[in-house]
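I am opening my notebook on a protein chain and want to write down, step by step, what I look up in it. I begin with how far the model can be trusted and then turn to the inside and the surface.

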Amino acid sequence: LFRKPLTLAYKQKCSAPAITLARRVLDYDPDMETSTRARKIIAAGEKEGGKDAIKLDYSDRNPFQLCVVDRVPMYRGTVEPVKCSFCFAVSKPQHAGKTCPICEIAKLGGEGAGMINGTFQLN
């Protein structure tokens, strides 16, 4: 699950996210090859001092939702997201009124009943 992001973070010289992802990988008790790779990435990242070559807009300690338009995190408490009235995808308030890029059916921030499955939700 974390193998691809872990490798990408390491190759892009983003030590802090690579270390965090490697520790998460080890929490899931992976196979021998993956755990060896994760330990090597942790050792290399700590050797570099956790410095990042690229500044990422990411905090592993703060929960967030991903804006479906900009594909950037919206951290809890910073912005009140608007939702698609059909599929409930979230985006930043400045995208209200645009067509949802996920379902391409409804407008972001619009009023609607959403997806209704069967008669259970009609009552």
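The entries below follow the order in which I looked things up.

**Entry 1: confidence**

I note before anything else that this is a predicted model. I looked up its confidence and found a mean pLDDT of 83 for the protein, with 89% of its residues at 70 or more. When I went through the elements, I found the lowest confidence in H1, at a mean of 80, and the highest in E4, at 94. I keep a caution for myself: where pLDDT is low, the predicted coordinates should not be read in detail.

**Entry 2: the cores**

Which residues make up the largest nonpolar core? I listed nine of them, namely Leu6, Ala9, Ala18, Leu21, Ala22, Val25, Ala38, Ile41 and Ile42. I then asked where they come from, and found that helix H1 (3-11), helix H2 (15-27) and H3 each give two or more residues to this core. The greatest share comes from H2, which gives four residues. I also noted a second, separate core of eight residues, which includes Val68, Cys100, Cys103 and Ala106.

To see one core residue in its surroundings, I picked Ile42 and left aside its neighbours within four places in sequence; the contacts that remain are with Ile19, Ala22, Arg23 and Leu26.

**Entry 3: a threonine in H3**

I looked next at Thr34, which has its place in helix H3. Is Thr34 buried or exposed? Its relative accessible area is 10%, and since buried means under 20%, I wrote Thr34 down as buried. Not counting residues up to four places away in sequence, I found that Thr34 touches Arg3 and Val25.

**Entry 4: salt bridges**

How many salt bridges does the structure hold? I counted three, and I took them one at a time.

I began with Arg23 and Glu46, whose side chains meet at 2.6 Å, N to O. Because Arg23 lies in helix H2 and Glu46 in helix H3, this pair ties together parts that are 23 residues apart in sequence. Arg23 is partly exposed at 41% relative accessibility, and Glu46 is partly exposed at 45%.

I went on to Arg37 and Glu33, where the closest N and O atoms of the salt bridge are 3.4 Å apart. Both residues lie in helix H3, four residues apart, which is about one turn of the helix. Here I found that Arg37, at 30% relative accessibility, counts as partly exposed, whereas Glu33, at 51%, counts as exposed; the line for exposed is drawn at over 50%.

The pair I took up last was Lys92 and Asp70, whose side chains meet at 3.9 Å, N to O. This pair links distant parts of the chain, with Lys92 in the segment after strand E4 (90-91) and Asp70 in the loop between E1 and strand E2 (73-75), 22 residues apart. I noted Asp70 as partly exposed, with a relative accessible area of 33%.

**Entry 5: a patch on the surface**

My last search was for nonpolar residues on the outside. I found that Ile54, Leu56, Tyr58, Phe64 and Leu66 form a nonpolar patch on the surface, and that together they have about 420 Å² of accessible area. From this patch I followed up Leu56, which sits in the loop between helix H3 (32-48) and strand E1 (64-66). Leu56 has a relative accessible area of 36%, so I entered this residue as partly exposed.

Terms used:
Residues are numbered from 1 along each chain as its sequence is written. Side-chain values use heavy atoms; hydrogens and water are left out. Patches are made of residues with over 30% relative accessible area and no salt bridge: like charges are joined within 9 Å, nonpolar side chains (Val, Leu, Ile, Met, Phe, Trp, Tyr) within 5 Å. Accessible areas come from the Shrake-Rupley method with a 1.4 Å probe; for residues, only the protein chains shown count as cover. A salt bridge is a side-chain nitrogen of Lys or Arg within 4 Å of a carboxyl oxygen of Asp or Glu. Buried means under 20% relative accessible area, exposed over 50%, partly exposed in between (1.4 Å probe, protein chains only). A nonpolar core is a set of buried Ala, Val, Leu, Ile, Met, Phe, Trp, Tyr and Cys residues joined through side-chain atoms within 4.5 Å. Contact means heavy atoms within 4.5 Å. pLDDT is the predictor's confidence in each residue, from 0 to 100.
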